[in-house]
Amino acid sequence: MYERDLQDLIRGLRSDAAKRNEEKFISSVIDEIRREITSEDMQVKGGAICKLTYLDMLGYDMSWASFHVVEVMASSHVHLKAGGYLAAVQSFTQDTDVLMLTTNLIKKDLSSATPAEIALSLDCLSQIVTPHLARDIAQDLIPMLNHSRPMIRKRAVLTMYRIIQQYPEVLDININRLCEKLQDPDIGVISATINLFCELARQDPQRFLPLAPFLFGLLTSASNNWMLIKVVKLFGALAPHEPRLVKKLQPPLMDLISNTPAVSLIYECVHTCIVGHLFQGHHGYTLAKTCVNKLASFLLDPDQNLKYIALLSLAKIVPEYPQLVAEHQQAILQSTGDIDISIRIRALDLISMMVSRDTLQQVVQHLLSGLASQTQLAGAASYSGSHVGNTALETITLNTRSFLSPAYRMDVSKRIIEMCSRDGYANVDSFEWYLSVLVDLSYVALVDVGQEIGDELISVAVRVTSTRPYAVNLMTKLLADSAFYENTPGAYINGCVRALRAAAWICGEFGGMSNPLDIVNLLLQSQCSRLQSDIKAVFLQSAIKLIGHWMSSLIKSWTPDLLQVVRDEITSILTKCEIFIMDIDTEVQERAAALTQLLAFIRIDLTNYRLPGTSEHEISENPDFPKGLCLIQPLFQAYALDGMGPEAQENVHIPPGFDLDLTILPEDVGLSLTGSIENELGRTSKNKPNRHKTKKKLQSMGFLDTVANSLEAEHDREVKRLQRLANIRNDPYYLAEPSNRPAGDDINSIPVVRLEGLLDVPDASTANSRQVITPNKQVSQATMMSSPVVQPGDAVDQNASPVPQTASRTAETQPLHVLRSKKVRKSTFDVNSSIYSRAQGSKEKRKRGHAPKLLSAQEGTT
């Protein structure tokens, strides 16, 4: 029969017929493999395992053939054994059932005289090792460390790492054997051993500190770059735990950084200096300068990977030596324009960390130029460029960046604001410059950072009083720009429209210094109706403030000729407010209506205004200007607005002699207050529905009543306390603490619990029936025993005399809510256990329909 080998299987999968119906082809191949894998011919079985391994790589399960894989692994032919080990590596997991069968097989191959079989077993063991397998094979692996073949020794060292991961106890026993491999004559074995220690040192570095002398010798004498990289990385893990290594490692690492041409080794040396805190001591500054210079050279390299790791490493050096990194500011700023987004982000991180008072303006100008295009610069410069000699856009080069994503623009915009406002604006020399930067940013950001820009504009205007005139002038130009009012998605500054909210607030609060009426016309223009509701509400509120400023300014230079001018202006303002009165937002309607009513009142006052007479009486009572002009400004300008820091309360000094730890109420007053509350609760504890009234009564108690109660005599308080204890003792609903119970048992003081209504007894049916038990009286034990007893199911005689209480003493002394949770029938009728035992004999009679016999007192006590 023709058998397809692995090559035929691959050709069949790539054929057109298989591509059209791959599932059918794979199904036929798997059926063929199932027949071949049961063959007694090991060559056929090995070929089937190879084909099955290839199919497993394509995603088809082969776990059903695990036992056959072990059979091929046990083959005496090396090429078949290699296929079996490969299949085990590919398909075996921690939960494979036949994994226990491989223990003796691997032990046998490890002791083989054929190096190929040893190598195959080591490779497979490193992939399929489990905790149990590692424990069983660890001691068989140790002799392989001294094998005559370097290839076997190297594989054994690397396999030991996986064994130690699964069975850590083997390291304590054989660490000396592993340390001997650092002096192995083969460089590959040494590299493998260093790699083993380097990986283990990440978890417990202090355990490998004794290896420092051997490693230092390799660091100064080895010439293999890959081995040096591992040695340097291992020292990076050991140095933080041994301060003496800092001084020892600085000269050789500086020599490697300066002289080696291997870039990877240079980076590992720099990284070890950073993580190992080697920039300390006498040679720390020199070593740091050497590292920074090398990293700066990476920034000019065309390799993108070198730029990335250089920016990453410089960001870690900045906190310790910012002045060294600042020397290469231009190279770092150029990285912000790289086409690779990851490099730009790392450059932003580094720039935001290294910015200072001297470099802030240059950095911000460069970042703004990266965001801006020619169209945006033209619009921004016409409004924010009025600041003479200190505008951020004066040195910006026109640069169109079409590849900047919105996320990157948002990141840059927020970083500009964060760098300028850091540490309470510590790096800002000129706040006029910062205000112009914020306005420029609102034009070039193209993302929604209007809220952040507005918050900063208000913060600067409130805190720095000297900038308020310039801020009002700048905000007036911002309000006059019609581009902010374009309610279209394509508007290039539509994202920062919320900056208008801050601009309107600043003009309304501090706009009285300029021409208020012009700003009012800007705030009430028809384009404002396109804005959001909260922005329009601020516009109206600012307009009211500015109108108040304008009217107050008229008072100082009032002439009769201004009367008609004021009337016309008020009429014009009222006309502009009509569009806001019809707004859909309630807040906007309310503010517009308030403004309209105030102006209507002032207009009536202007209409009724008459020039004052010439008599002294009229001159003293009627001013020479309409009184309505003084109506608005006092509503908003009564108090000056000052900035308040979030931690301002910490700066308030405690007055001398003021003790915050002093007790407000004396101790006797506090005790009296507690006693009065307890007395009030004790008096009302019996009446539960009045608890709510009691709470109200206690809440209405004033401090004077508390002080009066505190002055009561000691014997009065003692009388109340004893009265309260007596009430508690006689209260059957109060659960007293065990410590409060009396030492002796007072029979007469035990409260009697009445159980009326707890039992549903049937009506009387016979003349000789007994009455239901009502425990109303206390009787002696003799009377109780001589009285007739009612059995369950007996008829009750309503005319019979009442029977005394038969409940046990334990049941008497328990509260009512405890008794209710028990079986009432048993607790009531359990007078004598013999009575119930006699009653059980009447079951058969009741079943036959006979009435139960009533037991007499003598029969019950017999």
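A salt bridge here is a side-chain nitrogen of Lys or Arg within 4 Å of a carboxyl oxygen of Asp or Glu. Everything shown below comes from a predicted model.

**Figure 1. A buried salt bridge joins Lys181 and Asp184.** With 3.6 Å from N to O, the side chains of Lys181 and Asp184 make the pair, inside the 4 Å limit. Both Lys181 and Asp184 are buried. Elsewhere in the chain, Arg346, Asp349, Asp411 and Arg415 form one network through salt bridges that share partners. The count of salt bridges comes to 24.

**Figure 2. Asp123 and Arg155 link two helices.** Here the closest N and O atoms sit 2.6 Å apart. Asp123 belongs to helix H8 (residues 115–128) and Arg155 to helix H10 (residues 150–166), so this salt bridge ties together parts that are 32 residues apart in sequence. How exposed is Asp123? At 34% relative accessibility, Asp123 counts as partly exposed. Its partner Arg155, with a relative accessible area of 26%, is partly exposed too. Next door in sequence, Cys124 is buried, at 1% relative accessibility.

**Figure 3. Asp8 and Arg11 pair up within helix H1.** The salt bridge between these two side chains spans 3.0 Å, N to O. Why are Asp8 and Arg11 separated by about one helical turn? Because they are three residues apart in helix H1 (residues 6–14). Arg11 is out in the open, with a relative accessible area of 53%, so it counts as exposed.

**Figure 4. Leu479 and Phe539 sit in the largest nonpolar core.** This core takes in 216 residues, and Leu479 and Phe539 are the ones with the most contacts inside it. Helix H30 (residues 533–556) gives the most to the core, putting in 12 residues. In soluble globular proteins, nonpolar side chains tend to be buried together. What does Leu479 touch, once residues up to four places away in sequence are set aside? Its partners are Tyr485, Leu500, Ala503, Ala504, Cys507, Ile519, Leu522, Leu523, Gln525 and Phe539. So Phe539 turns up both among the residues with the most core contacts and on the contact list of Leu479.

**Figure 5. Ala461 is fully tucked away in helix H26.** Ala461 lies in helix H26 (residues 450–463), and its relative accessibility is 0%, so it counts as buried. Leaving out residues up to four places away in sequence, Ala461 touches Thr467, Arg468, Ile506 and Phe510. The partner to look at is Ile506: it is 45 residues from Ala461 along the chain, yet their C-alpha atoms are separated by 7.2 Å.

**Figure 6. Val318 is a buried loop residue.** Val318 is found in the loop between helix H18 (304–317) and helix H19 (322–326). Is Val318 buried or exposed, despite its place in a loop? At 3% relative accessibility, it counts as buried, well under the 20% cut-off. Apart from neighbours within four places in sequence, Val318 is in contact with Val325, Leu350, Met353 and Met354. Met353 is 35 residues along the chain from Val318, with 7.0 Å between the two C-alpha atoms.

**Figure 7. Met582 is an exposed loop residue.** Set this one beside the previous view. Met582 also has its place in a loop, the one between helix H31 (562–581) and helix H32 (586–607). Its relative accessible area is 71%, so Met582 is exposed. Met582 and Ala592 are 10 residues apart in sequence, and 9.0 Å lies between their C-alpha atoms.

**Figure 8. Phe67 helps make a nonpolar surface patch.** Phe67, Met100 and Leu101 together make a patch of about 340 Å². Phe67 comes from helix H5 (residues 66–73). With a relative accessible area of 45%, Phe67 is partly exposed. For the chain as a whole, the exposed surface is about 46,800 Å², and carbon and sulfur atoms supply 53% of it.

**Figure 9. The whole chain, for orientation.** The chain has 45 helices and zero strands. Of its 862 residues, 43% are buried. Looking at contacts with a separation of 6 or more, 70% join residues 24 or more positions apart. How many disulfides are there? The count comes to zero. Among the cysteines, Cys198 is buried, with a relative accessible area of 3%.

Methods:
Residues numbered from 1 in each chain as written. Predicted model: local features only at pLDDT ≥ 70, side-chain atom pairs only at ≥ 80, totals over all residues. Heavy atoms only, no water. Core = buried A, V, L, I, M, F, W, Y, C linked by side-chain atoms within 4.5 Å. Buried < 20%, exposed > 50% of the residue type's maximum accessible area, 1.4 Å probe, protein only. Helix = DSSP H or I, 4+ residues; strand = E, 2+ residues; numbered from the N terminus. Contact = heavy atoms within 4.5 Å. Disulfide = S-S within 2.5 Å. Patch = residues over 30% accessible without salt bridge, like charges linked within 9 Å, V, L, I, M, F, W, Y side chains within 5 Å. Areas by Shrake-Rupley, 256 points an atom, 1.4 Å probe, with all protein chains shown as cover.
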